[in-house]
Amino acid sequence: MLKNTLKIALIPFLSMVFAASMILFHPYYAKKTTARAENEYRAMYLIDYDTGTVIKAENENEKYPIASMVKIMTLLLSLEEIDAGKMDRNEKIRISDYAAGMGGSQLFLDAGKEYPVTDLIKGVVVCSANDAAVALGERIAGDNDSFVHKMNERAKQLNMDNTVFCNATGLPDSGEQHSTAKDVTTMMKELLSHPLYYEYTKITLEDYVHPDGRKTQMVNTNKLIRSYDGCDAGKTGFTNEAMFCLSSSAKRNGMRVIATVLGAPDSKTRFRKVAEAFSYAFANYEIKTFLKKNEPIASEISVFQAKNPMLSVICDRDINVFGKKGETDNHVLSVRLFDDLRAPISKSTAVGKVVLTSPSGEEICSGNLYPTEDVNKRNFVDNFKDVADKWKILK
């Protein structure tokens with residue numbers, strides 16, 4: 001009787017042990033446990049901003065929850081809305097009950113009150129305010145579901161094929177919200193192209209004053225802004241499911257890099273690993289500039305019927321190359337002028353190209369060449385003067 005009782009009691013216990021072991025050794029969980037043990041994170045991705053060159057990548061296409069880094073897309077859509085003239089940065093948004101009721105990180109917005117767009121963007125950038133993020137989404141698309149649709153559409157346009165958004169905040173949702181280290185870096189790269197973003201990224205601490213005079217202290221969640229020289233942007237993320245995440249950017253000596261870490265076991269590790277990635281990039285790679293935008297190039301260009309055969313030209317962009325230090329020295333810069341150039345030529349008309357090639361002959365980058373001034377056509381007086389000058393020499 002006792003044995004039978006023990007058997008019956010052990011059945012539920014053994015079932016629980018079996019179920020737990022199946023979960024623990026399921027490939028999905030085994031992969032993540034191994035990644036954390038070996039690398040102290042689930043995934044990472046490090047690139048050069050200007051060229052998109054990948055410097056380091058680990059599990060970059062594996063899908064994981066990214067918590068508040070979802071707000072990178074929320075911010076991107078908000079800034080694009082402003083750039084398109086569909087939303088004014090100074091207009092005021094009335095806060096809905098739904099937005100004001102968000103949990104997690106907040107600016108503690110008052111429902112029914114109006115807040116400037118720039119204040120809401122600042123709240124999302126600095127302290128990852130969920131209520132501000134939802135308010136921006138509602139203003140742009142009308143409601144949360146419509147804004148989520150816009151988020152996913154924009155992700156498709158950016159070729160973020162392994163990303164699914166379910167809300168504007170990154171808070172745990174009933175849907176399967178996930179992304180990858182590579183996709184997060186892609187949308188961060190796009191966000192960094194907006195100058196307005198940088199107006200708020202380096203704010204470390206600020207008392208935000210609400211319309212009624214109440215104050216909320218905003219503390220920048222990206223600690224590298226304060227501790228790493230050159231770091232001027234980034235977005236953190238944390239939930240129990242996503243663990244500790246960070247996508248951040250730093251710039252030194254004209255070179256900007258972006259590093260993304262997903263699934264670090266604690267906050268210190270995510271900041272340390274991103275800082276280590278930055279330092280590795282700056283220590284081993286460089287941006288070498290062969291020609292600066294609008295820097296005159298003196299060239300004896302043959303322009304048919306031009307008053308002055310000596311034509312100075314400028315390039316419409318910087319001609320740079322990114323690579324390991326020392327390996328960029330053997331690149332070749334060449335000027336290629338168009339055939340049959342005839343005066344007159346406006347200074348807004350391209351007269352050639354400048355091309356940078358690798359030692360193997362591969363084209364790295366190029367730019368258009370323009371005259372520094374209008375090239376005027378010779379007239380009868382110019383021709384007469386030339387004849388007279390030549391006559392003097394012969395005499």
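So, Asp173: which residues does Asp173 touch, once we skip anything up to four places away in sequence? Asp173 touches Cys166 and Asn167. You'll find Asp173 in the loop between H7 and H8. Is Asp173 buried or exposed? Somewhere in between: its relative accessible area is 36%, so Asp173 is partly exposed. One thing to keep in mind throughout is that this is a predicted model.

Let's stay in that loop for a moment, because there's a second residue to look at, Asn159, also placed between H7 and helix H8, which covers 181–191. Asn159 has a phi near 60 degrees, and that's a positive value in a residue other than glycine. With a relative accessible area of 57%, Asn159 is exposed.

There's another residue with that backbone feature. Phe108 also has a positive phi, near 60 degrees, and again this is not a glycine. Look for Phe108 in the loop between helix H4, residues 97–100, and strand S4, residues 114–116. Phe108 has a relative accessible area of 45%, so we call Phe108 partly exposed.

While we're on loops, here's one more backbone detail. Go to the loop between strand S14, at 332–337, and strand S15, at 352–357, and you'll find Pro344 there. The peptide bond leading from Ala343 into Pro344 is cis, and its omega is near 0 degrees.

Okay, on to helices. Two packed helices are described by the angle between their axes and the distance between the axes. For us, the pair is H3, residues 71–83, and H7, residues 144–157: the angle is about 90 degrees and the axes are 10 Å apart. Why do we call that roughly perpendicular? Because angles from 65 to 115 degrees fall in that class, and that makes H3 roughly perpendicular to H7.

Who's actually meeting whom here? On the H3 side you have Met73, Thr74, Leu76, Leu77 and Glu80, and on the H7 side Phe147, Lys150, Met151, Arg154 and Ala155. Sort the residues of that contact by character and you get six nonpolar, one polar and three charged. Try picking out the charged ones on your screen; Glu80 in H3 and Lys150 in H7 are in the contact, and both Glu and Lys count as charged.

Now the sheet. Strands of a sheet pair through backbone hydrogen bonds, either parallel or antiparallel. In this sheet the pairing is antiparallel, and five strands form an open sheet in the order S2-S1-S9-S8-S7. Which strands sit at the edges? S2 and S7 are the edge strands, each pairing on one side only. From one strand to the next, the twist averages 5 degrees.

Let's walk across, starting from S1, residues 43–48. On one side, S1 pairs antiparallel with S2, residues 54–58, over four bridges. For example, Ile47 has Val54 as its bridge partner in S2. Between the two strands of this hairpin there are five residues, and Gly52 takes a positive phi near 75 degrees there. On the other side, six bridges connect S1 to S9, residues 255–264, and those two run antiparallel as well. One pair to look at is Asp48 with its bridge partner Val257 in S9.

How many of the residues in S1 are buried? Six of six, so S1 is mostly covered. Both faces are covered: one side has Ala43, Tyr45 and Ile47, the other has Met44, Leu46 and Asp48, and all are buried.

At the other end of the sheet, S7 and S8, residues 243–252, are joined by eight bridges and run antiparallel. There, Thr236 has Leu246 as its bridge partner in S8.

S7 covers residues 231–239, and Thr239 lies in it. Thr239 has 13% relative accessibility, so Thr239 counts as buried; the cut-off is under 20%. A polar atom of the Thr239 side chain lies 2.9 Å from the backbone nitrogen of Ala242. Leaving out residues up to four places away in sequence, Thr239 touches Ala67, Gly170 and Pro172.

Last, zooming out. The protein has twelve helices and 16 strands. Of its 395 residues, 45% count as buried. And take the contacts between residues at least 6 apart in sequence: 62% of those join residues at least 24 apart.

Conventions: Residues are numbered from 1 along each chain as its sequence is written. This is a predicted model: local features need pLDDT of at least 70, side-chain atom pairs count only at pLDDT 80 or more; totals for chains, interfaces and linings use all residues. Side-chain values use heavy atoms; hydrogens and water are left out. Buried means under 20% relative accessible area, exposed over 50%, partly exposed in between (1.4 Å probe, protein chains only). Two strands pair if DSSP finds at least two bridges between them. Axes are lines fitted to C-alpha atoms, for helices over the stretch in contact, and angles run from 0 to 180 degrees between N-to-C directions. Angles under 35 degrees count as roughly parallel, over 145 as roughly antiparallel, 65 to 115 as roughly perpendicular and the rest as oblique. Contact means heavy atoms within 4.5 Å. A polar contact is a pair of N or O atoms within 3.5 Å; within protein, one must be able to donate a hydrogen and the other to accept it, and residues adjacent in sequence count only if both atoms are side-chain atoms.
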